[in-house]
Structures are given as structure tokens and as C-alpha cells.
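Dear colleague,

I am handing over the structure we spoke about, and below it you will find my notes on what turned up in it. Please read them with the sequence and the coordinates open beside you.

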Amino acid sequence: MKFVELQAIYVMWLRQMKRFGRAKSRIVASIIQPLFFLFILGSGFNIASFAGLEGEYIHFLAPGIIAMAITLSSMFTGVSVLWDKQFGFLQEVLVAPISRLSIIIGRTLGGATTALFQGLIILVISLALGVTISSIGGLIITLITMVLLSFTAVGFGLIFASKMNDFQGFQVIMTLLIMPLFFLSSAFFPISESLPSWLKAIAYVNPLFYMVDGLRGSLTGMNNVFPPLVDLAIIFFFCVVMMGLGSYFFSKSEV
Amino acid sequence: MEIIKTEQLTKKFNGFTAVDHISFSVNKGEIFGFLGPNGAGKTTTIKMLTTLLYPTDGKATISGYDITKKRDDVRQNIGIVFQDPALDTELTGLENLDFHARMYGLDKEKRKSRVNEVLTLVDLQEKKNDLVKNYSGGMKRRLEIARGLMHYPTVLFLDEPTLGLDAQTRRAIWDYIKKMNKDEHTTIFLTTHYMDEADYLCDRVGIIDHGKILVIDTIDHLKSSVGNDVITLSCSNLVALRAKLQQEKWIKSTKEHDSFLTLGVQKGEEKIPRIFDIANTIDVRIQSINVRKPTLDDVFLYYTGRTIRDQEPENLLQKGTRRLHGRRDL
């Protein structure tokens, strides 16, 4: 790889760090919102009892909220390509003597960095709220899962950013696709045997389910359906597919 | 030496021919302008020459590099100021320039000194650490020009460089363009639909309409092709008078638009009485008449049969809808 391509990746990454650092309100909102979920849902559902739930509800909820924070933040990065398209900056990048692959890699790394930062903050707060880490090995798998999760979501965002021309489409995707998938990811309630079978079917083809389940299994070591490494393998598969599709569509997109 | 050379360059979009077999060349150090109404194919031509669009047919080279085969070499050799602003407004002016320089492979020393040079050229030294979103329209355009120059391009493309700017700012931008052409010996290819802009800046102008180049020449030659003087008149029977005047050998050209007749002649003030005489013989009453030096408006009218403004309202509407649909400018 030529030196200029590394520079390009660095520039794309640095640009996102600077923008993120300056968007104070976005940082605050992106941390506060999951905290609301954590506190309000955490306290609210603490008094309810779910069949087969081990430990306190907050232990169950925290990994789901971490996954949610990372996914939303990364998707935002992917979709922010739309901003660049709208404000013309994408042209400036596309006309530079650098490959589109470098642009995608730099952007993805930038998005993943900010998403991880937010995920880690929620993780630390969860620990402060009494969530316990199962093991050091588990923590490492948790971090790897978080990285893969953010790459997957950036890729997903890129696909839509390459295909859409305005932000209304993004809103529709969020409302009609991402929120339902989250509700069925076991982030908020366990996907137990007593659920209607069609709901269970959707849950098991839902990539977010494996991400939440993987994080939960590796971090807290309880309430998970599959072993964390199995989840990790499945997430890796989704990640490769999403990044591949995202890069493909982005490289084909016109300015 | 030819910096830009095109042969039969063509771009079609779903059967619509935006650029129709154009051939021209731009020499080193010159300011060359494409003059034409909106939708004439100016931006499409720029997008092909800057590797953002593939031509449907024909070929073009920039500094000897083929635009389809040597894309990275072409990109390294060109600077562009797009019609729509292409700055990152959440970054400072300095960061915009520095990021650009990195993407073009300038080393640290060079980046530093070059940033200073171009900032001085466009008088933005004092604002370099401000976020671009706090810049005025004119400052943004100046920063874009500075950015376009960062990597020492052999040719700088300016797509409608003063679109949407007020009169005073336009004048200042023109002077910056002239200055960089002179100080940095940068060849400049610009598009515009403003006559005064082409007149003030360009050494040579190509008039483009419906994707075709109608004529390429120096401003002076273009003006004298119309006639040394232009007479514009309105009268009671335009058609009859025009038919009669067309038989006169001393009238170089006659064009009709709106309710006016435009004539290209030599020594215009001496011709006015003769025109009155001719009108009298066929009982046509002249309502108004004036004589003036030709402008590029007259040149445009001469070659296209209409003024550049005739097209404006319709095309502005089109542009508006294009913008709504996500800026898919041709």
C-alpha cells in the first residue's frame, strides 16, 4: 500500500475524531440516551420477573444497552456519508488521488473508534451500577465483540447511505427496521420458550440477537443462549458480509 | 504546450446527450472559459475532465495523461473548485487545507509552507483557525480556491466560481483568480454563464450550448466577429425591415430577439441615417435605436440566436428541482 493511502486513511479517521470532539451535544446525547434506558428500564423492570432470568435485571439489561449504543453510533457514521454527499465534501474526497477503499477503511475506523468510546463509557457505568465481569477472558471477548459490532453497523449504514439521497429514508429505516430488531434482540427481555414461535423465529435470524447474546455471555457469563465464541463466529460472518456489501455499494455510488 | 486536450468528447445520460463530441485544447498558462447557459454541458465536461464521470465516447488528456486510463496521474495534476461548496464546515480552514495536502501526499515541511502560501494568496491568514461554518460565502469560496492550489496543480478547474456571490465579492474573487494565474502560472479552466466574468477573466472563450461548442476564440476576435458596432432597434414591422436590411452588404449580421432587431456593422453612428432611409422606403416606423460596442451578450446572441438570459428562468427551476433530488447535477 502506498504511503498516500495510509495518509488518506489517517485523514478520514482524524477528521471524524475532530468532528466528534467538537460535537459536544452529540457526545452528551449519545451517552445520556442509553443511560436513560439503563436507569429507567433498569429500575422499572427490576420489579417484574422474567421466567428463567438469572441475577438482577440490570445485569441482563446492561449488555443490551451497550450493544444499542454501539450500533446506533456506528450506523450514524455510515449514514453520515449522506451528509458529505449533501454538503459536497464527498466530491473533494472522491477526486483526490486515493482509492475508495482507503476512504472506506478510514471512515470505518473513525466510526468504530467513536462507537467503542461510547460503548466503553456505558460499560464503565454498568460496572459502577453493580454489573460484574465474569472473567478476564470474557472481557477480552466482550471487547472483540464490541469492535465487530461497530464494523458491522458502519457497513450497514454505508449500504443505506450509498443507496439513499436524503435523510427521510434514514428515519424510515431506523423506525421500521432497527427498533423492531432491537426489541427482538433480547436486549430488553429474554427470548424465552413462552414467546410466540414466529417472534422466536425472527429473533434467531436477527443479527442483533447474536450480538447482544454474545456480549451478555462474555461480559456477565449468565442468561446467554449460545456460548460467547459461537456468537462471535456468527457476528464475524455478519461483519464480513456487511462490510463487503457496504464497501461494494459505496464504491459504486455516484456523486 | 497543451495542458487540456479533448477529441470528440461525449457524455450521454440515458439517451440524453449532455456533451456532444466536443474537441478543444487549453494551452499552458492560459485562462480558458466555457461560456453557456445552465444545462449546456459545462459541469458535465468538468466532471469528465476531473475523472468524476466516465465519458461515453471520445478521449481527453490532462498534461498528457489520459482521463480514463491514468486517473490517479490526472487527479494529482488538477485542482478543482466545485460549483457547490465542498468544504468540511465542522473543521477549521487550516484543517481543510492540511487534510487536502495529506491526501495529495505532501510531506510535513511542504504542507506547512504551502498552507501559508495559499492562505496569504487569498488573504485568509487571520481566519485560518476559525471553523469554516463561521465563514462568509466569499471566504468559503476563497478557501476552496486556496485548497485547489495546495498540491501545485498544473490546471485548476473552476465551476461557476462566483455563482451566488454579491457584486463586490465577485470582483474580489476575480482578482484572486487573476493573481494566481499570474503568480503561480496555473492554467485555469473555468465555466460561467456570466458574460462579464468571461469578459474580465478569460484569454479565450468557448461558447457552449446544448452540449456543442459553437465557437472558440479570443474575446476580441469574438466581439469583432459580430461587427465593430452593434445597432439595436425596435420598429413597427420587424419582419419586413429585417428582410430588407438583409439585402444590404454593409450589415454583417442581423438577429431578431424579443421585439428587437440587432445589427452588426462598422462605424455604427454613420449607419443610423441609412437605416432610417431604408425603413422609410417600406413605410416602417422606427421606435427606438441605439449603437454601442459589442459585448459577449451580442456574441452569444450571434452564435446561438438568443440571449443567455432567455434561458434563465426555466433552467433555474430545473436546477432547483435537481437540488431537491440530492444534487445530481449533470
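How many bridges join strand 1 of chain B to strand 4 of chain B, and in which sense do the two strands run? Five bridges join them, and the strands run antiparallel, with strand 4 covering residues 57-62. Before going further, please keep in mind that this is a predicted model, and that everything below was computed from it.

The sheet around strand 1 of chain B

Two residue pairs let you find the pairing of strand 1 with strand 4 on the screen: B:Glu7 has B:Lys59 as its bridge partner in strand 4 of chain B, and B:Ile4 has B:Ile62 as its bridge partner in that strand. Strand 1 of chain B, residues 2-13, is also joined to strand 2, residues 16-27, by eight bridges, and these two strands likewise run antiparallel. In that pairing B:Glu2 stands opposite B:Asn27 of strand 2 of chain B. The hairpin that strand 1 and strand 2 of chain B form has two residues between the strands, and in it B:Asn14 takes a positive phi near 40 degrees.

Taken together, these strands belong to an open sheet of four strands in chain B, with the order 2-1-4-5 and antiparallel pairing. Its edge strands are strand 2 and strand 5 of chain B, the latter being residues 65-66, and each of the two pairs on one side only.

The second sheet and the domains of chain B

Chain B is divided into domain 1, residues 2-222, and domain 2, residues 228-293, and the centres of these two domains, taken over C-alpha atoms, are separated by 41 Å.

Another open sheet of chain B has four strands in the order 12-13-11-14, again with antiparallel pairing. Strand 12 (253-257) and strand 14 (286-292) of chain B each have a single partner strand, so one side of each is left without a neighbour in the sheet. On average, and with direction ignored, neighbouring strands of this sheet are turned by 20 degrees against each other.

Within this sheet, strand 11 of chain B, residues 229-235, is joined to strand 14 of chain B by six bridges, the two running antiparallel. Here B:Ser234 stands opposite B:Ser288 of strand 14, and B:Val230 stands opposite B:Arg292 of strand 14. Strand 11 of chain B also pairs with strand 13 of chain B, residues 260-265, in the antiparallel sense over five bridges, where B:Ile231 has B:Leu263 as its bridge partner in strand 13.

Helix packing in chain A

In chain A I looked at two pairs of helices. The axes of helix 2 (residues 24-46) and helix 6 (residues 100-128) of chain A come within 10 Å and cross at roughly 40 degrees, and these two helices of chain A are therefore oblique to each other. The crossing of helix 2 of chain A past helix 6 of chain A is right-handed. On the side of helix 2 of chain A, the residues that meet helix 6 are A:Ser30, A:Ile31, A:Pro34 and A:Leu35, and they face A:Gln118, A:Ile121, A:Ile122 and A:Ile125. The residues of this contact divide into six nonpolar, two polar and no charged.

Helix 10 (residues 207-219) and helix 11 (residues 228-252) of chain A pack at an angle of about 145 degrees, with their axes 8 Å apart, and helix 10 of chain A passes helix 11 of chain A in a left-handed crossing. Among the residues that make this contact are A:Tyr210, A:Met211 and A:Asp213 of helix 10 of chain A and A:Leu232, A:Ile235 and A:Phe238 of helix 11 of chain A. The contact of these two helices of chain A divides into eight nonpolar, three polar and two charged residues.

Where the chains meet

The contact between the chains takes 22 residues from chain A and 24 residues from chain B. On the side of chain A that touches chain B, the elements that give two or more residues are helix 1 (3-22) and helix 5 (89-94) of chain A, and helix 1 of chain A gives the most, with nine residues. The residues of that side of chain A divide into twelve nonpolar, four polar and six charged.

With best wishes

Terms used. Residues numbered from 1 in each chain as written. Chains lettered and ligands numbered in written order. Predicted model: local features only at pLDDT ≥ 70, side-chain atom pairs only at ≥ 80, totals over all residues. Contact = placed C-beta atoms within 7 Å. Nonpolar A, V, L, I, M, F, W, Y, C, P; charged D, E, K, R; others polar. Axes fitted to C-alpha atoms, helices over the stretch in contact; angles between N-to-C directions. Parallel < 35°, antiparallel > 145°, perpendicular 65-115°, else oblique. Left-handed = near helix turned anticlockwise from the far one by under 90°. Pairing = 2+ DSSP bridges. Domains from an automatic or database assignment.
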